[in-house]
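Work through these short exercises with the sequence and the coordinates open. Each task is followed by its solution.

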Amino acid sequence: CDQAIVSVGGQIPNNLALPLWENGVNIAGTTPQMIDNAEDRDKFSSMCDKNGIDQPLWRRLTSQEDAFDFADEVGYPIVVRPSYVLSGAAMNVAYTPSELSRNLRVAGEISNKFPVVISKFIEGGREIDVDAVADNGKVVLHAISEHVENAGVHSGDATLMLPPQGIDDETLAKCRETVAKVASGLNITGPFNMQLIAKDGEVKIIETNVRASRSFPFSSKTVGGDFIEAATSIMVGDGVPAWVAEKDLGLDGKGAYPETYVGVKAPMFSFKRLLGADPTLGVEMASTGEVACYGKNFHESFLKAMLATTGFQMPKNKAVLVSIQERLRGDFKSSLEKLNELGFTLYATEETAEYLKSLDIPVTLLHWEESGISPSIDQHLKEKKIDLVFMFANNFSKRTETNYTIRRVAVDFGVPLITNLQVASALADSFELFYNGKLNLEVKTLPDYYAEEKQK
């Protein structure tokens, strides 16, 4: 074996890069030492500081006492990030000291061999995904996607928009600057993926994986260029393919930002097959697949993607159950008003029903199953009287076990469940356009969109 490629097989080959190299196997592309610098949270954060790459406040930990001191210093919430993990395993956000203690236990033993980094979690930020290919530290092609969900949902579970729909040019320029610095700092040759967070005009890096991500096919198809073909050619020494320049996909190019169509990648989950699993999202990945759809604008692509995921369909009776934690209600107020104006029948849990009444929005109260009072939430879900469930909980929710039961009943009886507020808001906006005749779900092939892009 002259050389081995470890950057297209997920996390496990990356973990094997150093051991393979230490046993005499040549690694194609980025060196094992630089892969280690990206995977080791302590080394990566130090590299970012050295190269002027902005990141949330962080610290390498060797004890729980150190963790609590850091949290007291920067304030909660805090995210715990172990090194060399797959899909955010053991990565958790803590809002209180007790949650931090539990999350540190889950992360495993804190030692010099497997460092854990703790960092300030930025609430309400826009998370950004970057797929790119570099040659000796210089980026030769890239694609930047924006998450529909705010930061806090694993990128593998997030709904991606390409090109970005809510990020201004100045912020995108900062993203590209960060991409260039990371590629240079790690001297990357081959594929890499990174997550960034943007808020209040600042762009900070979350992490970088020196390997292909599960979003590489989506990025490749959306911009019309095979990222892995280019990465492989570069890693084996054949250079950058000619089509890369023609596609104009470099950091200064416009090819990564289609103007006549938008791609949306939506996650798919297997919660119905996983008995007892909690169908909710967080920083640890839960999805088992995804779908990508295209349209002339975000809402067309988004609604197509939602309809393509398992179990989702347009509401037949326009009956929606809503349960919203108090701190989140104001952010969903306009969407509730839209649903009411569109003729949806709104059902709600006790406190959410009171909130809807305060807005003069008609609502039917459904009782918790354990109350013994009819009509109950479980009964309506099991009898398919509900078309769609919006349930937004957080760490401040009181009825955690009951909320879990409702989510589980919805999944078990095939009622579409949305647990993210930003996704639900986008869905309400799409419903508004669709039911008012302003959104046409056209059937087109991806080459059709390529052809229209060329003619612009």
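**Exercise 1. Find how strands β8 and β9 pair in this predicted model, and locate the turn residue with a positive phi.**

Solution.
- Step 1. Mark strand β8 at residues 190–199. Mark strand β9 at residues 202–209.
- Step 2. Check the sense of the pairing. β8 and β9 are antiparallel, with seven bridges between them.
- Step 3. Fix the register with one pair. A198 has V203 of β9 as its bridge partner.
- Step 4. Go to the turn. Two residues lie between the strands of this hairpin. There, D200 adopts a positive phi near 55°.

**Exercise 2. Decide how many residues of β9 are buried.**

Solution.
- Step 1. Apply the cut-off: buried means under 20% relative accessible area.
- Step 2. Count along β9. Seven of its eight residues pass, so the strand is mostly covered.

**Exercise 3. Which way do the residues of β2 point, and are they buried or exposed?**

Solution.
- Step 1. Take β2 as residues 78–82.
- Step 2. Split the strand by direction. I78, V80 and P82 point one way. V79 and R81 point the other way.
- Step 3. Test burial. Five of five residues are buried. That includes R81.

**Exercise 4. Identify the bridge partners of V80 in β3 and in β4.**

Solution.
- Step 1. Take β3, residues 92–94. It runs antiparallel to β2, and three bridges join them.
- Step 2. Read off the partner in β3: V80 bridges to N92.
- Step 3. Take β4, residues 116–120. It pairs with β2 over five bridges, also antiparallel.
- Step 4. Read off the partner in β4: V80 bridges to I118.

Terms used: Residues are numbered from 1 along each chain as its sequence is written. This is a predicted model: local features need pLDDT of at least 70, side-chain atom pairs count only at pLDDT 80 or more; totals for chains, interfaces and linings use all residues. Side-chain values use heavy atoms; hydrogens and water are left out. Buried means under 20% relative accessible area, exposed over 50%, partly exposed in between (1.4 Å probe, protein chains only). Helices (H or I, at least four residues) and strands (E, at least two) are DSSP runs, numbered from the N terminus. Two strands pair if DSSP finds at least two bridges between them.
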